[in-house]
Structure formats: structure tokens, C-alpha cells
Amino acid sequence: RHGLLAYDPGFRSTASTKSAITFVDGDKGMLLYRGYPIEELAERSDFVEVAYLLMNGELPTPAQRAEFDLLIGQHNLLHEQVLSFYRGFRRDAHPMAVMVGVVGALSAFYHDVMDIRNPEDRSRAAVRLIAKMPMLAAASYTYSMGRPVRYPNNRLDYASNFQQMMFGIPSEEYVPDPVVARALDIIFILHADHEQNASTSTVRLAASSGANPFACIAAGIASLWGPAHGGANEAVLKMLTDIGSVDNIPKAIARAKDKNDPFRLMGFGHRIYKNFDPRSRVIQGQARKVLAHLGKKDPLLEIAVRLEEIALQDEYFIERKLYPNVDFYSGILLRAMGFPMNMFTAVFALARTAGWVSHWLELQQESHGIDRPRQLYVGPTLRHYPAERAPR
Ligand code: SDX
């Protein structure tokens with residue numbers, strides 16, 4: 001019934017997919033930010049430096065880093081009126097719902113002081129978003145707990161500041177644990193960008209229409225929330241909890257292979273990686289380190305490790321090249337740090353803001369006009385309204 005109308009495969013999709021920011025080689029399991037391997041950045045850099053690198057294309061000199069730190073410190077507060085938006089949400093609202101709403105609302109606060117044709121204004125908008133995300137995300141958690149919002153403390157580094165805004169309580173001084181802070185900073189580095197995934201492509205499409213950068217990032221947050229994308233870290237923990245013990249792993253593997261069962265191994269598989277996701281290896285190591293450092297044991301870690309071992313020996317996963325992705329261990333690490341499950345994707349969004357704003361900036365430097373992906377039409381061919389039908 002559905003004949004193909006003229007579809008010219010020669011039509012180029014008018015989505016500008018050219019980018020110099022991140023390179024992924026899925027077969028080799030390689031991830032480069034502006035040419036630097038993710039493993040080296042996770043080992044030797046920090047998130048603020050990586051955010052600078054993604055935005056500007058080069059590692060900052062000491063002077064550039066000092067100025068960037070100063071700018072982040074100057075822009076990391078939320079306007080008191082923005083905080084009133086939180087009161088419109090139910091206490092049990094998912095933090096991602098709050099972040100979509102509040103980040104989108106920032107458009108109303110900066111539209112009159114920002115001309116996106118001006119490179120200075122564009123750069124300031126990008127810095128504002130990176131700087132404000134920690135307070136914005138933490139406020140969605142403290143609000144849900146009925147606790148007062150906490151403000152940034154510029155004597156702390158970026159990750160420690162986020163932690164104190166999340167977990168600090170007014171009656172006590174919060175002293176960030178350096179091992180946990182470093183692990184959180186590494187999580188931010190690993191999640192900062194990943195070329196043109198669903199949420200980054202959402203930001204790029206919105207940016208191509210000339211939309212306000214705050215509205216573009218709000219669109220990216222909405223796209224990241226889905227369980228097939230950034231929401232997978234929360235879904236992995238729910239899956240591991242449901243599996244409950246290593247004895248139940250074979251049943252879970254069987255369900256994941258059963259085409260009649262919608263169950264998939266969350267945290268496994270990737271549209272590009274057909275080899276190990278280099279990020280999942282680093283996160284597993286950090287999960288072990290933080291659990292040992294805190295003297296905690298998480299039975300889910302052993303279930304996850306055993307599940308990976310068994311799956312990677314199973315023909316179904318081998319022939320489909322399905323490996324653990326960035327989300328497979330991140331929930332275990334975040335839980336060890338004290339994050340509630342509904343904050344996992346909010347942490348992902350906080351980190352990915354660095355990549356999203358870098359892609360937004362990159363698109364502003366080109367003038368390729370609005371993106372308009374081509375469709376493959378498979379609907380009905382031309383037909384006419386039936387003469388016998390009485391006109392409405
Ligand atoms: C992220 O794009 C990015 O870069 C995303 C991200 C980023 O940094 O931005 O890396 C972050 O989103 C990581 C992915 C998180 N999502 C999950 O972990 C959800 C579980 N994974 C699957 O839903 C799936 O693997 C996707 C969505 C990630 C990829 O889906 P694809 O590309 O459709 O998978 P595919 O077509 O390559 O699958 C090939 C086969 C299929 O079976 P057959 O039809 O060939 O028989 O593998 C099967 C799939 O059914 N398959 C799985 C599976 N993933 C794929 N089977 C069981 N469990 C899985 N997890």
C-alpha cells in the first residue's frame with residue numbers, strides 16, 4: 001500500500017554534522033576530546049580544564065585557566081528569582097524535570113543581556129551554563145529533601161563545590177572527601193562530551209535555528225533523560241537490584257536475548273562502540289577505589305562484574321559486539337558517593353553541559369543556516385478525497 005514516492009538518495013541531509021570537538025572510533029574503543037585520549041584526560045586533567053579544552057580547542061595556559069576559574073566563580077550563583085521556580089514543582093518531582101524547566105527559564109533572565117551575534121556574549125552564556133549547573137542540580141535535590149538551598153563556596157574546586165551544595169547541611173561545616181571529590185571530577189570528565197549522540201544532536205538542531213543557548217541546553221537535558229540514553233545509569237541500578245544475586249544472572253541474560261521480551265541489559269550495547277566503551281573501564285576502577293576508601297561494600301558491584309563476565313562469553317553478545325557502556329558502572333559509583341538514584345542522570349546532564357555548550361559555540365561560528373534532516377517517506381502515495389463523501 002505504501003509505494004515510495006520519489007526519494008533521491010543523493011539528497012544530502014541538511015544537518016551540519018561536521019565537528020572538530022570529539023572523535024569516537026567504536027571499533028577501537030577510542031574516545032578523543034580535541035585529539036586527547038579520554039584515559040589520559042581522566043588520569044591527569046580535571047573537569048574545568050576539560051570544559052575549557054572542549055570549548056576552545058586547546059588546553060588553557062595557567063593564565064587562561066586562572067581567568068576561567070574566576071569567571072566560573074563569578075557566574076555560579078542562581079538569581080534568587082530563579083530559585084522561586086523550584087517552588088512550583090512538587091517535592092517528589094524528578095530532578096531532570098526540574099532541570100529542564102529551570103534551565104529553560106534561564107532564557108528569560110539573560111535574553112536581554114545577550115546578543116548571540118557577539119562572540120563575547122556567546123562565550124559568557126557558555127560559561128554561565130557550566131558555572132550554574134552545580135547549584136541548579138543540587139538545588140533540585142535539596143528542594144526535594146525539604147532542605148534550604150546551598151550556595152557555592154569559591155574556596156572549593158568545582159566537584160567539591162557541587163558535593164557541598166548537595167550534601168552539606170546548615171548546622172555543620174561540610175568537609176569534602178578528596179578521594180570522592182576526585183572520583184566525581186573524573187565522572188564529569190568522562191561524561192563531558194561524546195560527539196553527536198541523541199542529546200547533543202538535539203542541542204545542535206535547536207542551535208541551528210538561532211534559539212537562545214539556555215533553551216537549546218534545556219532541549220538537550222530533555223533528550224538525555226530517556227532510559228536508552230542518559231537515563232540508562234538509573235535503569236542499570238534498578239536492573240541490578242531486580243537481579244538481586246549472581247544466581248539470577250543466567251535468567252537475566254536469557255531474557256535479554258529473548259526477542260519476545262522487551263527486557264534489555266541496561267548499560268550494555270552502544271550505537272557506536274562495538275568494543276569496550278573506554279569510559280566504563282575507568283568508572284569501574286573508580287567504583288572499586290571509592291568503595292574501598294569508604295569501607296563500603298556494594299553487592300551490586302559484584303553482580304555487575306559477574307554479569308559482564310558471563311555476557312562477554314555469550315555468543316549473542318559476542319556476535320552483536322555488545323559491551324558495557326558508560327552507564328554500566330556509573331550508578332554504582334554515584335550511589336557509593338551518596339547520590340540518590342534519581343540524581344544519576346542529573347549528574348550526567350551537569351557534566352554533558354560542557355559538551356553541549358561547546359557544540360553550540362561551534363555551530364555559531366559556522367553560518368550554515370537551519371538544519372533540516374531529510375526524511376524517507378513511506379506513507380500513502382498521492383490520492384484524492386472521495387467524491388461520494390458529503391462535504392463537511
Ligand atoms: C549512552 O550515543 C551516545 O554516545 C550515547 C552515550 C553518550 O555518551 O552520549 O554514550 C551515552 O546513551 C550510552 C547508552 C545507554 N543506553 C543503554 O545502556 C540502554 C541499553 N542499550 C540498548 O538500548 C542499546 O544498546 C542502545 C540503545 C544503546 C543502542 O541501540 P542500537 O544501536 O539499536 O543497538 P543495535 O541496533 O546496535 O543492536 C544490535 C542488536 C539488536 O539485536 P538484533 O536485532 O541484531 O537481533 O543488539 C541487540 C539489539 O536488540 N541489543 C541488545 C542490547 N543492545 C542492543 N540486546 C540486549 N541488551 C542490550 N542492551
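How far is an oxygen atom of the ligand from an N or O atom in the side chain of arginine 264? The separation is 2.8 Å.

This model is predicted: local features need pLDDT of at least 70, side-chain atom pairs count only at pLDDT 80 or more, and totals for chains, interfaces and linings use all residues. Residues are numbered from 1 along each chain as its sequence is written, and side-chain values use heavy atoms, leaving out hydrogens and water.

**View 1. Surroundings of the ligand.** The ligand is surrounded by 23 residues (a heavy atom within 4 Å). The closest are His194, Gly267, His270, Arg271 and Arg279.

**View 2. Polar contacts of the ligand (pairs of N or O atoms within 3.5 Å).** A polar backbone atom of phenylalanine 268 lies 2.8 Å from a ligand nitrogen atom. Tyrosine 316 places a polar side-chain atom 3.0 Å from a nitrogen atom of the ligand. Alone, the ligand exposes 1,100 Å² (Shrake-Rupley method, 1.4 Å probe). The protein buries 79% of that.

**View 3. Packing of helix 14 with helix 16 (DSSP runs of H or I, at least four residues, numbered from the N terminus).** Helix 14 spans residues 299-311, and helix 16 spans residues 327-336. Their axes (lines fitted to C-alpha atoms over the stretch in contact) are 10 Å apart. The angle is about 170 degrees (scale 0 to 180 degrees, between N-to-C directions). That makes helix 14 roughly antiparallel (over 145 degrees) to helix 16.

Methods: Helix = DSSP H or I, 4+ residues; strand = E, 2+ residues; numbered from the N terminus. Parallel < 35°, antiparallel > 145°, perpendicular 65-115°, else oblique. Polar contact = N/O pair within 3.5 Å; in protein donor to acceptor, adjacent residues only side chain to side chain.
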